[in-house]
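Colleague: I am new to reading protein models and would like a close look at one part. Could you pick a residue inside the fold, tell me what surrounds it, and then lead me outward from there?

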Amino acid sequence: LDPAHGLAHLSLSEVQLFLGRPAEDRLATVAKAVLLLPDNPRAHLRYAEVSQELGDLNNAALHARCAADRKPDYFEAQMLLARVEQEQGNLPTAIRAAEAATQLDPKSSTAWVLKAEIESQQNKLALAAASMKKAADLVGRSAPLYRKAADLAEAAQDEQTAAALRARAD
């Protein structure tokens with residue numbers, strides 16, 4: 001492996017991920033990729049993923065943000081940024097990233113569930129219910145997601161919507 005070839009290090013880190021190597025084993029390779037490719041959003045994303053796996057949420061957030069800043073239409077970077085910021089309790093940044101993810105891929109039920117979870121944590125229960133309903137609609141008659149949406153609507157004191165969502169769950 002050429003020690004000065006950033007793409008080789010990035011590719012090796014992705015092979016290591018594919019092979020199921022532990023994050024500790026992938027860290028040096030992906031760190032070298034970031035050093036050699038500081039403007040590469042994928043390198044930053046992979047570094048953020050390894051950092052998150054190792055429990056280094058500050059580093060994970062920093063590099064997820066780097067990936068998203070370098071490529072705003074990078075769905076995976078927005079999703080990881082939302083998750084890491086949510087884990088850290090930085091809900092305003094988390095919701096912006098989750099909203100970006102739902103705009104980038106409006107058919108991603110996972111993005112809508114993440115958005116609903118963050119909205120719920122922000123005590124925006126009606127919005128959370130609507131986002132969870134959207135996720136349930138995308139999955140296609142997902143009873144568990146409709147029940148979660150109903151619970152959120154009920155918590156928002158919207159009994160009519162809650163009843164309609166419960167009916168869809170059954």
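Modeller: Happy to. Let's start at Ile118, in this predicted model. If you set aside residues up to four places away in sequence, Ile118 touches Ala82, Gln86, Leu91, Ala94, Ile95 and Ala98. Try finding these partners on your screen, starting with Ala82 and ending with Ala98.

Now zoom out a little. Ile118 is among the residues with the most contacts inside the largest nonpolar core, together with Leu45, Ala77, Met79, Leu80 and Ala82. That core has 24 residues. Which helices each supply at least two residues of this core? They are α3 (41–53), α4 (57–70), α5 (75–87), α6 (91–104) and α7 (109–121). The largest share comes from α5, which gives seven residues. As a general background, nonpolar side chains in soluble globular proteins tend to be buried together.

There is a second core to look for, apart from the one we have just visited. This other core has 19 residues, among them Ala116, Ala128, Ala129 and Ala169.

Staying with α6, let's look at Thr102, which is placed in that helix. Is Thr102 buried or exposed? Its relative accessibility is 6%, and since buried means under 20%, Thr102 counts as buried. A polar atom of the Thr102 side chain lies 2.9 Å from the backbone oxygen of Glu99. Leaving out residues up to four places away in sequence, Thr102 also touches Ala111, Trp112 and Lys115.

Follow the chain out of α6 and you come to Pro106, in the loop between α6 and α7. Pro106 is partly exposed, because its relative accessible area is 42% and partly exposed covers the range between the 20% and 50% cut-offs. Beyond its neighbours within four places in sequence, Pro106 is in contact with Trp112, Lys134 and Leu138. Trp112 is thus a residue you have met before, as it also touches Thr102. Take Leu138 as an example of how the chain folds back: Pro106 and Leu138 are 32 residues apart in sequence, yet their C-alpha atoms are 9.2 Å apart in space.

Two other loops are worth a visit for their backbone angles. Asn123 sits in the loop between α7 and α8 (125–139). Asn123 has a positive phi of about 65°, although it is not a glycine. With a relative accessibility of 59%, Asn123 counts as exposed, because exposed means over 50%. Further along, Gln157 lies in the loop between α9 (143–155) and α10 (159–169). Gln157 is likewise a residue other than glycine with a positive phi, near 65°. At 70% relative accessibility, Gln157 counts as exposed.

Now let's move to the start of the chain, where Gln16 is found in helix α1. Gln16 counts as buried, at 14% relative accessibility. What does the side chain of Gln16 make a polar contact with? The partner is the side chain of Thr29, at 3.5 Å. Besides Thr29, the contacts of Gln16 outside its neighbours within four places in sequence are Arg21, Asp25 and Arg26.

Arg26 leads us to an empty space, for it is one of the residues that line the largest cavity. The structure holds one cavity of 30 Å³ or more, and about 60 Å³ of space lies in the largest cavity. Its lining is made of Ser13, Glu14, Leu17, Arg26, Val30, Arg46, Glu49 and Val50. The elements that give two or more residues to this lining are α1 (6–18), α2 (23–36) and α3. Sorted by class, the lining has three nonpolar, one polar and four charged residues. You may remember that α3 also supplies at least two residues of the largest core.

Finally, step back to the whole chain. You can count 10 helices and zero strands. The C-alpha atoms fill a box of roughly 65 × 30 × 25 Å along the principal axes. Of the 170 residues, 45% count as buried. Among contacts between residues at least 6 apart in sequence, 45% join residues at least 24 apart.

Conventions: Residues numbered from 1 in each chain as written. Predicted model: local features only at pLDDT ≥ 70, side-chain atom pairs only at ≥ 80, totals over all residues. Heavy atoms only, no water. Core = buried A, V, L, I, M, F, W, Y, C linked by side-chain atoms within 4.5 Å. Buried < 20%, exposed > 50% of the residue type's maximum accessible area, 1.4 Å probe, protein only. Helix = DSSP H or I, 4+ residues; strand = E, 2+ residues; numbered from the N terminus. Contact = heavy atoms within 4.5 Å. 1 Å grid on protein atoms, 1.4 Å probe; cavity = no way out; pocket = protein on both sides within 12 Å on 5 of 7 lines; lining within 4 Å. Points joined across faces, edges and corners; volume = space filled by probe spheres on them. Nonpolar A, V, L, I, M, F, W, Y, C, P; charged D, E, K, R; others polar. Polar contact = N/O pair within 3.5 Å; in protein donor to acceptor, adjacent residues only side chain to side chain.
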